[in-house]
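Here is a brief report on a sheet, its cores and one acidic side chain. Please keep the sequence and the 3D view open while reading.

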Amino acid sequence: MILLTPDLRYALRANAICAQAVNAKGERFDPAPILKFFNPLGASTWLATELYADDNTLFGLADLGFGCPELGTFSLAEIASVRLPLGMGIERDIAFSSPHPLFLWADTDRRAGSVLWAEQLFRRAAPGTRPELPNDPDCGMAAIWEPAMGDWPVSYRIITVDANPEIIRYRSRHGAMVERRDAQKWLSHTVPEEELIVTPPFGTFTVEEIPTLPMQASIAL
């Protein structure tokens with residue numbers, strides 16, 4: 001697939017030139033994303049608004065599937081060089097278009113935890129408005145990436161901890177929770193794992209049993 005067509009390149013370069021002029025005035029340039037790249041076998045997604053003069057550096061929003069999308073630059077050449085199982089690579093969403101400015105995307109993505117979930121929220125929201133999440137997430141599951149093996153793509157494995165008092169009657173372990181304010185500490189390894197990966201205290205979860213069944217086979221957290 002051609003990741004960057006001449007028309008897209010022209011639009012991205014035009015944005016980059018406008019950004020330089022606007023930034024020189026001390027103002028913020030906030031256009032809508034022009035293109036979207038995605039991993040067809042994973043969660044990685046990139047939205048781009050600008051292409052720098054080197055014809056390689058893109059500016060936009062990068063979501064590598066860790067739950068912490070970030071604004072910044074990324075390399076077109078590196079994205080194009082990614083080789084996935086089954087002969088696949090990173091693709092461009094040819095149907096993508098958005099009226100929403102990049103910084104609104106960034107705010108929504110960070111609250112939602114991913115570009116894909118934010119995209120669903122934008123579809124439901126009025127143009128130019130800040131989408132509301134049913135419940136803004138304040139924590140997530142801790143996981144580690146596993147390398148690709150054979151035809152199985154890169155994946156992640158949930159880390160578990162001893163079950164807390166609400167869950168222990170159903171199972172001995174459950175997924176380790178990392179609070180949103182600690183997500184970057186977990187990803188950057190700036191805090192020892194044993195300080196972040198702990199059994200949550202009593203009162204963390206609300207458990208609802210289904211009385212019509214003889215036994216609850218599983219529990220949703």
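## Strand pairing

Phe37 has its bridge partner in β2, and that partner is Trp46. The model is a predicted one. The pairing of β1 with β2 is antiparallel and runs over four bridges. Six residues make up the hairpin connection from β1 to β2.

β2 also pairs with β3. Here too the sense is antiparallel, with six bridges. Ala48 faces Gly60 of β3. Five residues lie between β2 and β3 in their hairpin. In that turn, Asp55 has a positive phi of about 65 degrees.

The two pairings are set out below.

| Strand pair | Sense | Bridges | Hairpin residues between the strands |
|---|---|---|---|
| β1 and β2 | antiparallel | four bridges | six residues |
| β2 and β3 | antiparallel | six bridges | five residues |

How many residues of β2 are buried? Seven of its seven are, and the strand is mostly covered.

## Nonpolar cores

The largest nonpolar core holds 15 residues. Inside this core, Phe37 and Leu58 have the most contacts. At least two core residues come from each of α1 (6–24), β1 (35–38), β2 (45–51), β3 (57–63) and α2 (76–81). β2 gives the largest share, three residues.

A second core is separate from this one and has 13 residues. Leu47, Leu102, Trp105 and Phe122 are among them. Nonpolar side chains in soluble globular proteins tend to be buried together.

Which residues does Leu58 contact, leaving aside its neighbours within four places in sequence? They are Leu12, Phe37, Ala48, Glu50, Leu51, Gly72, Thr73, Phe74 and Leu76. Phe37, the bridge partner of Trp46, is thus listed again here, as is Ala48, which stands opposite Gly60.

## Asp63

Asp63 is found in strand β3. Is Asp63 buried or exposed? It counts as buried because its relative accessible area is 1%, under the 20% cut-off.

Beyond its neighbours within four places in sequence, Asp63 is in contact with Ala43, Ser44, Thr45, Pro69, Ser114 and Val115. Take Ala43 from that list. Along the chain, Ala43 and Asp63 are 20 residues apart. Their C-alpha atoms are separated by 7.8 Å.

Val115 adds a polar detail. Its backbone nitrogen lies 2.9 Å from a polar atom of the Asp63 side chain. Asp63 is thus a buried residue with a side-chain polar atom placed 2.9 Å from a backbone nitrogen.

Key. Residues are numbered from 1 along each chain as its sequence is written. This is a predicted model: local features need pLDDT of at least 70, side-chain atom pairs count only at pLDDT 80 or more; totals for chains, interfaces and linings use all residues. Side-chain values use heavy atoms; hydrogens and water are left out. A nonpolar core is a set of buried Ala, Val, Leu, Ile, Met, Phe, Trp, Tyr and Cys residues joined through side-chain atoms within 4.5 Å. Buried means under 20% relative accessible area, exposed over 50%, partly exposed in between (1.4 Å probe, protein chains only). Contact means heavy atoms within 4.5 Å. Two strands pair if DSSP finds at least two bridges between them. A polar contact is a pair of N or O atoms within 3.5 Å; within protein, one must be able to donate a hydrogen and the other to accept it, and residues adjacent in sequence count only if both atoms are side-chain atoms.
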